[in-house]
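Reader: Please take one part and look at it closely. My topic is cavities: what lines them, and how do lining helices pack?

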Amino acid sequence: ECILCGHCTLVCPQNAKYIRSDLDRVRDWLARGEKIYVSLAPSYVSVFPDANIKKMSAALLKLGFTHVEETAIGAGHVSAQYAALMREHKMPNIITTACPTVVLLVEKYYPALVKYLAPVLSPMCAHAKMMREVYGKRIKVVFIGPCISKKAEADESPYVDCVLTFEELSAWFEKEGITVEAGEDHTEESRARLFPTTGGILRTMVCDDPEYTYMAIDGVENCINALEDIKSGKMENCFVEMSACFGSCINGPAMDQGQ
């Protein structure tokens, strides 16, 4: 069964696989005057390398969005919840749940290991929930990032209304003649911006609990091997950061391939 890793969309020689576009849906909301808030994945720097969050916000506001924040805000909250889980020492193994494809992989192919999935919202959902608490329940929240499976996650979420990929955003900018201006980097930005890189979750945490071994695994095949080891009992007392994409989210299947 499909785990929405997106690999087929990149390798199909006939281009028979494509990603569902939600641009018309978002444009319709904007045309109706809806207040739409953007949760922007920090991995935007891989597509718009010269931009910072202020310049990205300015470009997105030109499209009609009401407000823009980095998903890293939610990621910081998620890291704190992971740390709390480890302090409780109730889970012999903890598998991170930031990657929806990894969650689907466990649910569909390793149902006996579902108990090891951290009961924590993904940064996308956590941030959307926080935005609704601050700006009101009636707003619409759109996540923009490099991930196909986030679209399916949003379909199941009460907090996220829609997901756009960086490919969709780049095409929209081009159609509207909007250029994302370069901006100075801000070194004081939160470490939670590291979330979309391999080992990024671990780098946002204090990994000093001696009862756990910490590891970061990327790529579906590597994740499968680790899950097999957990299933067979070879891996115990591990905090495992898993990402389905090699290189984690900054190498997601819905990055603008022209960049």
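Author: Here is the cavity, then one helix pair from its lining. The model is predicted, so to speak of local features takes pLDDT of at least 70, side-chain atom pairs count only at pLDDT 80 or more, and totals for chains, interfaces and linings use all residues. Residues are numbered from 1 along each chain as its sequence is written, and side-chain values use heavy atoms, without hydrogens and water.

The structure holds one cavity of 30 Å³ or more. A cavity is a set of points on a 1 Å grid over the protein atoms alone, where a 1.4 Å probe fits but cannot get out; lining residues have an atom within 4 Å of a point. The volume is about 410 Å³, taken as the space filled by probe spheres set on the points.

The lining has 32 residues. Closest to the centre are Ala98, Lys150, Phe195, Pro196 and Cys249. By type, 23 are nonpolar, seven polar and two charged. Here Ala, Val, Leu, Ile, Met, Phe, Trp, Tyr, Cys and Pro count as nonpolar, Asp, Glu, Lys and Arg as charged, and the others, Gly among them, as polar.

Helices H4 (72-88), H5 (100-109), H6 (123-135) and H7 (149-156) and strand S7 (238-243) each supply at least two lining residues. S7 gives the most, three. These elements are DSSP runs (helices H or I, at least four residues; strands E, at least two), numbered from the N terminus.

Now take H4 and H6. They pack at about 110 degrees, axes 7 Å apart. That makes H4 roughly perpendicular to H6, a label for angles of 65 to 115 degrees. Axes are lines fitted to C-alpha atoms over the stretch in contact, and angles run from 0 to 180 degrees between N-to-C directions. Ile73, Gly74, Ala75, His77 and Val78 in H4 meet Pro123, Ala126, His127 and Met130 in H6, with contact meaning heavy atoms within 4.5 Å. Six of these residues are nonpolar, three polar and none charged.

Notes: 1 Å grid on protein atoms, 1.4 Å probe; cavity = no way out; pocket = protein on both sides within 12 Å on 5 of 7 lines; lining within 4 Å. Parallel < 35°, antiparallel > 145°, perpendicular 65-115°, else oblique.
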